[in-house]
Amino acid sequence: MFRIVLPVFVALLVAIVGGAWSVRYALDHGFGMDTLTVGPWQAYPDLGTPGASAYARAAVARRGELPLGRAEGLAFRAFEDGSGAPLERNCTYRIAGEMPTARFWTLYAVDPSMSPLPARGIRAAGLQSSAVLHETNGAVTVTASPNPTPGNWLALDGTGRMILVLGLYDTPIASATEISRVVLPRISKLGCG
Amino acid sequence: MTRLLYAIVVGLVGAGVVHAVVLLLLPHYSARDAWARLSGSADFYRFTRMSGEDEPPVIRGIDPFFDAVACRFDLSEGVVHVEAPGHVPFWSVSVYDRRGQNIYSLNDRAQTLGDLDLVLVTPSQMIELRKDVPKEFEKSVFVEADVGQGIIAVRSFVPDATWKQAVAGYLDNAQCTLR
């Protein structure tokens with residue numbers, strides 16, 4: 001009796017636990033999504049569209065998000081700096097380079113649950129294109145740091161991991177033809193503490 | 001021992017089946033997708049804030065430089081008319097189906113007068129409407145969507161704190177009406 005029940009039980013346990021865990025792991029790690037990767041930045045242009053994969057559909061349902069439509073814009077997320085190290089809230093980063101064509105853009109820091117970092121007084125942990133200093137060639141240099149810095153300061157606060165989000169609004173790169181030629185700013189760590 | 005190994009192999013094949021089934025059923029049975037979250041905060045045809053200042057957001061991942069509202073609709077009851085008079089730096093509208101898939105989106109450059117005025121219809125309702133366009137729809141943009149229930153989201157850019165009140169007022173005046 002036991003010799004039959006035990007293998008059946010093991011098979012069922014492996015199937016249910018393994019199946020459920022693998023879905024969770026896949027959705028948490030962006031597996032099976034059509035990812036557009038530019039340096040450390042990632043975007044899912046097909047997320048929430050009829051062309052989305054089964055994984056993308058499940059991820060939308062699980063996260064409870066309403067992804068931006070193509071006429072609205074495209075959001076890039078960076079989890080790591082240019083060297084591959086995870087972004088930390090107590091470190092200083094330089095985000096420099098040219099921004100793609102868009103009517104305007106926003107750059108802000110969020111915690112791993114996608115909630116924006118708290119503001120420091122009147123300084124929100126975010127910047128938008130009409131309120132930053134541009135260089136003469138149109139490039140932008142932003143310093144994300146817990147310490148005040150001259151120029152474009154993105155005020156960080158607290159400790160732990162963070163994600164940088166670059167929202168491009170009313171941008172032609174959201175349409176498929178332009179998508180492979182996107183250039184985004186580089187993220188380099190200047191120091192911590 | 002071979003019996004147990006055999007059981008594990010069968011289990012792994014079963015895990016693949018469970019993986020596929022969970023993946024395909026998840027969008028249909030998720031209790032915390034956008035639709036479920038919005039149902040908790042407002043009835044059909046009522047715009048509600050997607051993210052607030054202090055309380056936890058209804059919809060996650062909304063840009064902090066944006067103020068955004070959403071309303072749920074059911075096209076089997078009639079056409080949906082979305083209006084928002086006034087001028088703001090940027091607005092955009094997205095239509096989602098019941099599962100949060102984006103069906104259609106447009107932004108303020110698409111409407112010549114700048115005021116948001118959109119009518120959402122099914123293809124068969126469109127045929128009926130073409131025969132005799134009602135006066136209130138004269139300036140509207142018609143969007144055909146072959147969905148039953150769905151969500152309309154209106155987002156508006158808040159460049160800085162001085163715009164906060166104006167944009168909030170603009171979205172408070174937005175109407176999501178069943179016609």
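The following dialogue introduces the features of a predicted model.

User: How many helices and strands are there in chain A, and which pattern does the chain follow along the sequence?

Analyst: Chain A holds two helices and 10 strands. Along the sequence, the pattern is α-β-β-α-β-β-β-β-β-β-β-β. The C-alpha atoms of this chain fill a box of roughly 80 × 40 × 30 Å, taken along the principal axes.

User: Which strands of chain A are joined to strand E7, and in which direction does each pair run?

Analyst: A general idea about strands comes first. In a regular strand, side chains alternate between the two faces of the sheet. In this model, strand E7 (residues 140-145) of chain A is joined by five bridges to strand E4 (residues 91-97) of chain A, and the two run antiparallel. One of the residue pairs is Ala96(A) with Thr141(A), its bridge partner in E7(A). E7(A) is also joined to strand E8 (residues 152-155) of chain A, by four bridges, and here the two run parallel. In E8(A), Asn152(A) is the bridge partner of Val142(A).

User: What share of contacts in chain A join residues at least 24 apart?

Analyst: Among contacts between residues at least 6 apart in sequence, the share is 67%. As for burial, 39% of the 193 residues in chain A are buried.

User: How should one read a nonpolar core, and which residues have the most contacts inside the largest one?

Analyst: In soluble globular proteins, nonpolar side chains tend to be buried together. Here the largest nonpolar core has 97 residues, and those with the most contacts inside it are Ala109(A), Ala70(B), Leu120(B), Ile152(B) and Val154(B). Take Ile152(B) as a case: leaving aside neighbours within four places in sequence, its contacts include Ala70(B), Phe73(B), Val95(B), Leu120(B) and Cys176(B). There is also a second, separate core of five residues, among them Ala11(A), Val14(A), Ala15(A) and Val18(B).

User: How many residues of each chain are in contact with the other, and which elements of chain B contribute?

Analyst: In chain B, 47 residues are in contact with 47 residues of chain A. The elements of chain B that give two or more residues to this side are helix H1 (2-29), helix H2 (34-41), strand E4 (91-97), strand E5 (102-107) and strand E8 (149-157). H1(B) gives the most, with 17 residues. By type, the residues on this side of chain B comprise 25 nonpolar, 12 polar and 10 charged.

User: Which domains does the assignment give for chain B, and how far apart do their centres lie?

Analyst: The domain assignment gives domain 1 (1-30) and domain 2 (34-178) of chain B. Their C-alpha centres lie 41 Å apart.

Methods: Residues numbered from 1 in each chain as written. Chains lettered and ligands numbered in written order. Predicted model: local features only at pLDDT ≥ 70, side-chain atom pairs only at ≥ 80, totals over all residues. Contact = placed C-beta atoms within 7 Å. Nonpolar A, V, L, I, M, F, W, Y, C, P; charged D, E, K, R; others polar. Pairing = 2+ DSSP bridges. Domains from an automatic or database assignment. Core = buried A, V, L, I, M, F, W, Y, C linked by C-beta atoms within 7 Å. Buried ≥ 20, exposed ≤ 12 C-beta atoms within 10 Å, placed from the backbone.
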